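Please open the model in a viewer and set the display to cartoon. The tour below proceeds by selections, each followed by a description of what is found there.

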Amino acid sequence: MSLDEVMERTAADLVPNDLEAFWMPFTANRAFKKRPRLISRAKDMHYFAPDGRAVLDGTAGLWCTNAGHNRAPIVEAIRNAATELDFAPTFQYGHPTAFTLASRIADLAPAGLDHVFFCNSGSEAVDTALKIALAYQNVIGQGARTRLIGRERGYHGVGFGGISVGGIVPNRRAFGTLLAGVDHLPTTYDRAHQAFTKGEPAYGAHFADELERIVGLHDPSTIAAVIVEPMAGSTGVIPAPQGYLQRLRDICDKYGILLIFDEVITGFGRLGHAFAAERYGVTPDLITFAKGVTSGAVPMGGVLARSSIHDAFMRGPEHVIELFHGYTYSAHPLACAAGIATLDLYAKEDLFARARKIEPIWADAVMSLREQPGVLDIRTVGLTAGIDLAPKDGKPGVRGYQALETAFHDLGFMVRATGDTLALTPPLIISEDQIGELIEKTGKVIAATA
Ligand code: PMP
């Protein structure tokens with residue numbers, strides 16, 4: 001079926017008869033299935049419900065469709081790839097687009113991060129990065145370095161590695177003992193000192209010094225790596241305080257600890273640069289990415305590694321596998337084709353620079369909501385916004401859920417709600433008029449749920 005034909009399908013074709021079999025991820029299934037929020041197609045800045053109703057995408061899907069939806073060059077590239085090479089193993093064989101995409105991503109990365117290990121999601125990227133960090137310490141004769149350090153309120157996907165270093169209690173508590181030997185830095189969020197800051201708060205670099213305390217508690221020779229998001233996304237948009245990431249870098253250097261930036265959200269333009277590492281002028285040893293690499297069109301993730309890390313693995317006998325890790329779908333041909341087309345589109349439309357340019361307009365628009373009833377804080381950096389709402393009748397989460405429903409069903413836009421925090425993270429192609437529309441509608445939602 002052609003794309004045009006898909007677009008012309010009627011509502012009746014698109015509404016499923018039965019919603020039961022699909023156990024939806026990270027969703028209140030029973031509430032959803034009583035009043036589903038169905039999406040059947042998308043174009044540029046909009047989703048469309050099966051009845052054709054347009055829904056302005058305020059969240060770039062799940063922080064991933066940075067170039068907007070169903071962009072022709074990406075669609076075309078995927079279509080061509082599917083007709084040419086459906087699948088190729090990248091264990092012991094290779095296909096050209098995988099090498100091309102890896103070089104293209106390395107070109108965008110901070111100097112020194114020159115090698116790319118591909119996987120299929122952010123969660124896999126995190127587990128891959130943690131495993132590379134541990135294996136690297138082994139390879140260089142530092143095998144006692146097995147401890148990993150994450151952060152409270154960090155989100156690093158849902159693999160066992162990711163939930164172990166992550167700091168979101170509901171994502172952890174039902175799943176047993178998790179990885180041993182994990183410590184957590186404190187969150188960098190302190191509302192009393194940071195409320196309604198645009199960009200990086202001036203207060204909070206000292207939270208990095210907690211790493212010194214953890215190092216002191218154990219011994220530096222037992223610690224492999226620290227992983228943080230340069231901007232904590234999933235727990236409500238928490239930008240790194242000024243100087244914080246540099247301080248982490250300095251402490252890691254002092255003790256031979258690897259620094260991993262989880263850039264699954266911040267990679268590919270969200271903060272106005274290819275990677276947040278560039279915005280902050282701090283170069284980690286490993287970077288995880290996913291989402292924006294294909295603008296969400298085909299699942300893909302990966303890890304960028306410093307040459308010195310990669311090269312440390314390349315010293316044994318030549319015919320022996322260097323790293324016992326990989327996924328059947330690592331560097332899938334469709335994902336690689338989508339990735340190359342996506343990077344071309346980002347470059348052609350200069351979308352990262354555009355995000356940088358409109359950041360002040362975006363930040364002003366978002367901050368205009370601060371006088372609305374029950375707005376406790378607003379944070380914004382790049383093209384992101386986190387808006388904390390006071391819970392309704394003392395019941396956490398109710399207001400956030402109502403906001404989500406009202407936005408979708410009554411006002412025609414998509415927002416994310418985590419508890420009573422709303423997150424807005426539109427595609428980087430959003431026009432100034434659409435920023436106005438999105439923020440005006442968000443204001444209505446806030447008022448309607450007060
Ligand atoms: N790391 C970060 C920082 C993320 O934001 C996410 C997803 N939002 C992940 C990892 C996990 O990615 P995925 O859902 O693709 O597994």
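Two strands pair if DSSP finds at least two bridges between them. With that criterion, an open sheet of 4 strands is found in the order 1-2-3-15, and its pairing is mixed. This is a predicted model.

**The sheet that begins with strand 1**

Select strand 1 (41-43) and strand 15 (413-414). Both stand at the edges with a single partner strand each, so one side of each is left without a neighbour in the sheet. Next add strand 2 (residues 46-48), which runs antiparallel to strand 1 and is joined to it by 3 bridges. To see one of the pairings, show Arg-41 and its bridge partner in strand 2, Phe-48.

**The antiparallel sheet**

Now select strands 13, 14, 17 and 16. These 4 strands form an open sheet in the order 13-14-17-16, with antiparallel pairing. Which strands stand at its edges? They are strand 13 (375-380) and strand 16 (416-418); each has a single partner strand, so one side of each lacks a neighbour in the sheet. Viewed along the sheet, neighbouring strands are turned by 20 degrees against each other on average, direction ignored.

Restrict the selection to strand 13 and strand 14 (residues 385-389), which pair in the antiparallel sense over 5 bridges. Two partners in strand 14 can be labelled here: Leu-389 for Val-375, and Gly-386 for Arg-379. The hairpin of these strands has 4 residues between them, and in this hairpin Gly-382 takes a positive phi near 55 degrees.

**Helices on the antiparallel sheet**

Add helix 16 (residues 351-367), which packs on the sheet and touches strand 13 and strand 14. The direction of helix 16 makes about 175 degrees with that of strand 13. Then add helix 17 (residues 398-411), which also packs on the sheet. Helix 17 touches strand 14, strand 16 and strand 17 (421-424), and its direction makes about 170 degrees with that of strand 16.

**The two domains**

Colour the chain by domain: domain 1 comprises 3-67 + 351-448, and domain 2 comprises 75-348. The centres of the two domains, taken over C-alpha atoms, are separated by 26 Å. At the boundary, 31 residues of domain 1 are in contact with 31 residues of domain 2.

Which elements of domain 1 supply at least two residues each to the side that touches domain 2? They are helix 4 (60-63), helix 16, strand 13, strand 14 and strand 17. Helix 16 gives the largest share of that side, with 7 residues. By residue class, the side of domain 1 that touches domain 2 divides into 15 nonpolar, 10 polar and 6 charged residues.

**The ligand**

Select the ligand and the 14 residues around it; those that come nearest are Ser-121, Gly-122, Ser-123, Gly-157 and Val-264. Helix 7 (residues 122-139) gives the most to this shell, with 3 residues. The shell divides into 5 nonpolar, 7 polar and 2 charged residues.

**The whole chain**

Finally, clear the selections and return to the full view. The secondary structure of the chain comes to 18 helices and 17 strands. The radius of gyration is 22 Å, close to the 22 Å that the globule rule gives for 450 residues, so the chain is as compact as a globular protein of that length. Along its principal axes, the C-alpha trace spans about 60 × 55 × 45 Å.

Technical notes. Residues are numbered from 1 along each chain as its sequence is written. This is a predicted model: local features need pLDDT of at least 70, side-chain atom pairs count only at pLDDT 80 or more; totals for chains, interfaces and linings use all residues. A residue is near a molecule or strand if its C-beta atom, placed from the backbone, lies within 6 Å of it. Ala, Val, Leu, Ile, Met, Phe, Trp, Tyr, Cys and Pro count as nonpolar, Asp, Glu, Lys and Arg as charged, and the others, Gly among them, as polar. Axes are lines fitted to C-alpha atoms, for helices over the stretch in contact, and angles run from 0 to 180 degrees between N-to-C directions. Two residues are in contact if their C-beta atoms, placed from the backbone, lie within 7 Å. Domain bounds come from an automatic or database domain assignment. The radius of gyration is taken over C-alpha atoms; the globule rule is 2.2 Å times the number of residues to the power 0.38.
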